Amino acid sequence: MNRPVEVSRPDPRVARLRSLARLLDSAWGVPGTRYRFGIDAIVGLVPGIGDIIGAVFSVLIVFQAARLGAPPSTLFRMMSNIGLDTIVGEIPLLGDLFDVGWQANNRNMALLDRHLQQPSAAHQSSRRALLLIGAGLVLLLAIVITLGIWIASETVIRVS
């Protein structure tokens, strides 16, 4: 007796997340170009709160990724994508263009898909990315401290 081959169905939660990411980042195309944009880029046009609103919806994807078992390193990378999108998005005009190009939600879905397909490879890749992000933050901190010391010393010299 032949048993029917069981076909694994895609998780409906992942399909909903993919739809949300598409709506936020790439629902519509710019005619005559390969560029796509979504609600995140449109809402980001509202000064001050637009990018914050976009970030709230983006965090929903990260929350669901955690419920699907994504490791902390992958979740941190996802939050870093959202953080960068939100911070740069606050810059008038440049931030709006960045929103269209960066597409944090699509990047985060790619991270989640990779985790679901190859958990160990995704975890290793996320750990390397965390190390790079950490090194970048240490470098940024060193630059800020150096600039602070330099500005303070220049101020002391001019006051004297």
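## Salt bridges

Counting side-chain pairs gives two salt bridges in this protein. Keep in mind as you look around that the model is predicted.

One of the bridges joins the side chains of Asp11 and Arg13, with 2.8 Å from N to O. How buried or exposed are these two partners? Asp11 has a relative accessibility of 27%, so Asp11 counts as partly exposed. Arg13 has 34%, so Arg13 counts as partly exposed too.

A salt bridge is also formed by Asp113 and Arg18, whose closest N and O atoms are 2.5 Å apart. Asp113 sits in helix H6 (residues 104-117) and Arg18 in helix H1 (residues 12-25), so this pair ties together parts that are 95 residues apart in sequence. Because its relative accessibility is 39%, Arg18 counts as partly exposed.

## The overall layout

Now for the protein as a whole. Which kinds of elements does the protein have, and how many of each? There are seven helices and two strands. If you follow the chain from the N terminus, the order of the elements is α-β-β-α-α-α-α-α-α.

Contacts give another view of the fold. Take the contacts between residues at least 6 apart in sequence: 59% of them join residues at least 24 apart.

## A look at helix H4

Helix H4 covers residues 72-89, which is 18 residues. From its first C-alpha to its last, helix H4 reaches 25 Å, close to the 26 Å expected at 1.5 Å a residue.

Which residues of H4 are buried? Going along the helix, you will find Ser73, Thr74, Leu75, Met78, Asn81, Ile82, Asp85, Thr86, Val88 and Gly89. For the whole protein, buried residues make up 31% of the 160 residues.

## The surface

The protein exposes about 10800 Å², and carbon and sulfur atoms supply 69% of that area.

Where on the surface can you find a nonpolar patch? Look for Val46, Ile49, Ile53, Phe57 and Leu60, which together make a patch of about 420 Å². Among these residues, Phe57 is worth finding in the model: Phe57 lies in helix H3 (residues 50-67). Is Phe57 buried or exposed? Its relative accessibility is 40%, and buried means under 20% while exposed means over 50%, so Phe57 counts as partly exposed.

Key:
Residues numbered from 1 in each chain as written. Predicted model: local features only at pLDDT ≥ 70, side-chain atom pairs only at ≥ 80, totals over all residues. Heavy atoms only, no water. Helix = DSSP H or I, 4+ residues; strand = E, 2+ residues; numbered from the N terminus. Expected span 1.5 Å × (residues − 1). Buried < 20%, exposed > 50% of the residue type's maximum accessible area, 1.4 Å probe, protein only. Patch = residues over 30% accessible without salt bridge, like charges linked within 9 Å, V, L, I, M, F, W, Y side chains within 5 Å. Areas by Shrake-Rupley, 256 points an atom, 1.4 Å probe, with all protein chains shown as cover. Salt bridge = Lys/Arg side-chain N within 4 Å of Asp/Glu carboxyl O. Contact = heavy atoms within 4.5 Å.
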